[in-house]
Amino acid sequence: MQEAGSSIDRTMALDEVRERFLQDRFATANGAVIDEIGEGWARCSMELCDVHRNAMGSVMGGAVFTLADFAFAVASNWNKDPHVSLNASISFLGRAKGSRLIAEARKIREGRKTCYYEVMVSDELGSQVAHMTTNGFAV
């Protein structure tokens with residue numbers, strides 16, 4: 001959470017950010033939610049359903065990427081000028097064993113027009129699912 005301000009201020013900020021990112025329709029329609037925010041950081045999650053599964057019963061890579069990309073969007077946009085992705089690279093590390101994916105995005109570097117973030121995706125059991133790096137451009 002944000003370091004400055006009271007817990008009421010942080011709750012109000014989180015509620016406002018959640019409301020704003022409801023406009024990210026693809027991610028939210030697929031179940032992505034914002035759990036926490038901080039300076040250059042966000043934690044988002046997704047409850048897994050049958051719609052997230054591939055033909056082998058594992059979580060589809062597109063669902064993992066969608067959550068990771070959403071976490072980047074929240075972390076890089078919630079309190080500053082809008083950023084869009086320039087490039088993203090994801091490595092799938094293992095399969096989700098739990099029923100919920102969690103993506104934590106954190107800023108590595110930010111300049112005047114570009115930024116670089118790392119996103120770790122795991123399940124609620126602690127299984128590592130994916131690692132993504134992405135850079136963005138301030139529009």
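V119 is buried, with a relative accessibility of 0%, and its place is in strand 5. This is a predicted model, and V119 makes a handy starting point for a walk through it. V119 is also among the residues with the most contacts inside the largest nonpolar core, so the core comes up early below, followed by the pocket, the start of strand 6 and the cysteines.

**Around V119**
- Which residues does V119 touch, once neighbours within four places in sequence are left aside? The contacts are A68, A71, F72, A103, E104, A105, A130, H131 and M132.
- One of these partners, A103, is 16 residues away from V119 in sequence, and the two C-alpha atoms are 6.4 Å apart in space.

**The largest nonpolar core**
- The largest nonpolar core has 34 residues. The residues with the most contacts inside it are F21, I34, F70, V74, L101, V119 and V121.
- Two or more residues each come from helix 1 (7–20), strand 1 (32–38), strand 2 (41–47), helix 3 (61–77), strand 4 (100–110), strand 5 (114–123) and strand 6.
- Which element gives the largest share of this core? Helix 3 does, with 10 residues.
- In soluble globular proteins, nonpolar side chains tend to be buried together.
- I34, another of the core residues with the most contacts, touches L14, V17, R18, F21, R43, C44, F70 and V74 when residues up to four places away in sequence are not counted.

**The largest pocket**
- The largest pocket holds about 160 Å³ of space.
- Its lining is made of F21, D24, D69, F72, A73, N77, P82, H83, V84 and S85. F21 is therefore a lining residue as well as one of the core residues with the most contacts, and F72 in the lining is also a contact of V119.
- By class, five of the lining residues are nonpolar, three are polar and two are charged.
- Helix 3 and strand 3 (83–92) each supply at least two residues of the lining. The largest share, four residues, comes from helix 3, the element that also gives the largest share of the core.

**Into strand 6**
- S127 lies in the loop between strand 5 and strand 6. Is this loop residue buried or exposed? At 13% relative accessibility, S127 counts as buried.
- Apart from neighbours within four places in sequence, S127 is in contact with R95, K97, V121 and S122.
- Q128 is found in strand 6 (residues 128–138). Beyond four places in sequence, Q128 is in contact with L93, G94, M120, V121 and S122.
- V121 and S122 thus appear in the contacts of S127 and in those of Q128.
- Q128 and L93 are 35 residues apart along the chain, yet their C-alpha atoms are separated by 6.2 Å.

**The cysteines**
- How many disulfides does the structure hold? The number is zero.
- C49 is in no disulfide, and the nearest cysteine sulfur, that of C44, is 17 Å away. C49 counts as partly exposed because its relative accessibility is 41%.
- The sulfur of C115 is 15 Å from the closest cysteine sulfur, in C44, which is too far for a bond, given that a disulfide needs the two sulfur atoms within 2.5 Å.
- C115 is buried, with a relative accessible area of 3%.

How values were computed
Residues are numbered from 1 along each chain as its sequence is written. This is a predicted model: local features need pLDDT of at least 70, side-chain atom pairs count only at pLDDT 80 or more; totals for chains, interfaces and linings use all residues. Side-chain values use heavy atoms; hydrogens and water are left out. Buried means under 20% relative accessible area, exposed over 50%, partly exposed in between (1.4 Å probe, protein chains only). Contact means heavy atoms within 4.5 Å. A nonpolar core is a set of buried Ala, Val, Leu, Ile, Met, Phe, Trp, Tyr and Cys residues joined through side-chain atoms within 4.5 Å. On a 1 Å grid over the protein atoms alone, a cavity is a set of points where a 1.4 Å probe fits but cannot get out, and a pocket is an open set with protein on both sides within 12 Å along at least five of seven lines; lining residues have an atom within 4 Å of a point. Grid points are joined across faces, edges and corners, and a volume is the space filled by probe spheres set on the points. Ala, Val, Leu, Ile, Met, Phe, Trp, Tyr, Cys and Pro count as nonpolar, Asp, Glu, Lys and Arg as charged, and the others, Gly among them, as polar.
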